[in-house]
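Colleague: Could you take me closely through one part of this predicted model, a single helix and what packs over it, and then carry on to the empty spaces in the structure?

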Amino acid sequence: MRTLINPATGVELDISPTSASLDDTDAVIAKAHDAFPAWRDLAPGERARLLRAFAAVVDEHLEELAQLEVLNAGHTIGNARWEAGNVRDCLNYYSAAPERLFGRQIPVAGGTDLTFHEPLGVVSIIVPWNFPMPIAAWGFAPALAAGNTVVLKPAELTPLTAIRIGELALLAGLPPGVLNVIPGQGSVVGQRFVTHPLVRKVCFTGSTAVGKQIMAGCADQVKRVTLELGGKSANIIFADTDVAAAAASAPGGVFDNAGQDCCARSRILVQRSAYDEFVGRFETAVKDFRVLDPASEQSQMGPMVSAGQRDSVQAYVDAATVAFSGSAPDGPGWWLPPTVVESSDTSEAVWREEIFGPVVAVMAFDDEEEAVALANDSEYGLSGSIFTDDLGRGMRVARAVEAGNLSVNSHASVRYWTPFGGYKQSGLGRELGPDAPNAFTEEKNVFIAH
Ligand code: NAP
Ligand code: MG
């Protein structure tokens, strides 16, 4: 395994999980396949009880998991506690699914027609480094609830919380082989999920480039695939809104998790008559944003996950004209300050590309039509925000923006009980919400002649 490094200090961790080989991966897939029939055939109420027990054990270890994420990924302790709590909440929410995996009875002549949601078998989850705990749970909680067994690959950079969650599943009484965490390289373990015939689905979150390869690879076996990919989401601010409030909330909308968030509102569109006021207030808010040791309770933003990610973001900053920036600690660790670019050219990389770091581009627009056109001028379509005091306009623009998750007068776009996913090249399929277990099933239709 590659050496793990604390992103806040640059110091090597003395934990180094073993990277699975191809043979190890095949052995774990075989184990998950063996565990499938008994898990599928468990009484729904019993599967539900085990998922609730799993949630309770995660809850008992919430602080341990959160501290592990601070150490491994540099997440602020406040965020990391939310993330561990999100794993517990996903498990509790989907623990209600086994007894509610309803089919339908459809009127037909001469008999009875029934549908069933049947589990796929072994399903795989490939997790990126930016939200190691939530993204793992968004996959495994509904997949397990629907009666599948799971093989899960965390990102090489951030495997520690997933490995611990795998241990907690056993502690909670899940049978061995039901949830399997396999640390290792994407090109080895992840790629094997795509090619192994016993893996019936690939649920992938990460870069659009790798997502396209996975989708192409899955075609060979017509393997089911869900993709959660990149974003370049717009935060659209109309002059009729409370500009001070919109400016105060804008840093959190893009710099949370140091901008390493597929939902980051990394393009800010401001109506021209409010532009100067917004930018002035935004500068104050950016300078006040607390970029501190992520273990500190006061920290609003920690370091980048790795030296490589820091360098990749720094290259975008070097190629742009910076308007202003916030602060960041000096010294070791992979730190960058929140950085703001005023943009007037939509062909610039800083405006078009997902930077995945604390960099935001701000641009003026004249009217609603132009705001929508600018927001939609992207191959991505994951999320977005609209700030306006006119509810009609808020709804109109929310319906016009081509993205899966919009919020009006808020940046909140992720709740475990509402659907989440992307338009265009931001993804394929939806996670979370009441229908997520169905995405891990086949719908079977049975006609019985009377
Ligand atoms: P990535 O390469 O797409 O990695 C995501 C996951 O896929 C990791 O577990 C990775 O394994 C695995 N993987 C890599 N190549 C694979 C392959 N050929 N087959 C199967 N699995 C494979 O993303 P990244 O390199 O971590 O980040 C690069 C960029 O992706 C970021 O800068 C950002 O723009 C974007 N990104 C987006 C999201 C999102 O939530 N939408 C999340 C993370 C990254 P390894 O452990 O070997 O890397
Ligand atoms: Mg990669």
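Modeller: In this predicted model, the cover over the buried residues of α6 includes the helices α2 (44–60), α3 (62–73), α4 (77–94) and α5 (132–145), together with the strands β4 (149–153) and β5 (179–181). The residues of α6 that are buried are Leu160, Thr161, Ala162, Ile165, Gly166, Leu168 and Ala169. The helix itself runs over residues 160–171, twelve residues in total, and its span from first C-alpha to last is 17 Å, close to the 16 Å expected at 1.5 Å a residue. Just after α6 comes glycine 173, whose phi is positive, at about 105°.

Two of the helices that cover α6, α4 and α5, also take part in the second largest pocket, where α4, α5 and α9 (243–255) each contribute at least two lining residues. That pocket holds about 530 Å³ of space, and among its 23 lining residues Trp82, Phe131, Asp256, Asp261 and Val414 are the closest to its centre. Its lining divides into eleven nonpolar, six polar and six charged residues.

Asp261 appears again at the second largest cavity, where Asp261, Ala264, Ser266, Glu354 and Phe356 lie nearest the centre of a space lined by 13 residues. This cavity has about 70 Å³ of space, and its lining consists of five nonpolar, four polar and four charged residues.

Over the whole structure, the search finds four cavities of 30 Å³ or more. The largest of them encloses about 100 Å³, and of its 19 lining residues the closest to the centre are Arg267, Ala375, Ser383, Val401 and Ala403. At least two lining residues come from each of β8 (234–237), α13 (368–376) and β13 (383–387), with β13 giving the most, namely three. By class, this lining has eight nonpolar, seven polar and four charged residues.

The largest pocket, finally, contains about 690 Å³ of space, and its lining is made up of 34 residues, with Pro128, Phe204, Gly206, Ser207 and Val210 nearest its centre. The elements that supply two or more of these lining residues are α7 (186–195), β6 (199–205), α8 (208–219) and α11 (307–319). The lining of the largest pocket is divided by class into 14 nonpolar, 15 polar and five charged residues.

Conventions: Residues are numbered from 1 along each chain as its sequence is written. Chains are lettered from A and ligands numbered from 1 in the order in which they are written. This is a predicted model: local features need pLDDT of at least 70, side-chain atom pairs count only at pLDDT 80 or more; totals for chains, interfaces and linings use all residues. Side-chain values use heavy atoms; hydrogens and water are left out. Helices (H or I, at least four residues) and strands (E, at least two) are DSSP runs, numbered from the N terminus. The expected span of a helix is 1.5 Å times one less than its number of residues. Buried means under 20% relative accessible area, exposed over 50%, partly exposed in between (1.4 Å probe, protein chains only). Contact means heavy atoms within 4.5 Å. On a 1 Å grid over the protein atoms alone, a cavity is a set of points where a 1.4 Å probe fits but cannot get out, and a pocket is an open set with protein on both sides within 12 Å along at least five of seven lines; lining residues have an atom within 4 Å of a point. Grid points are joined across faces, edges and corners, and a volume is the space filled by probe spheres set on the points. Ala, Val, Leu, Ile, Met, Phe, Trp, Tyr, Cys and Pro count as nonpolar, Asp, Glu, Lys and Arg as charged, and the others, Gly among them, as polar.
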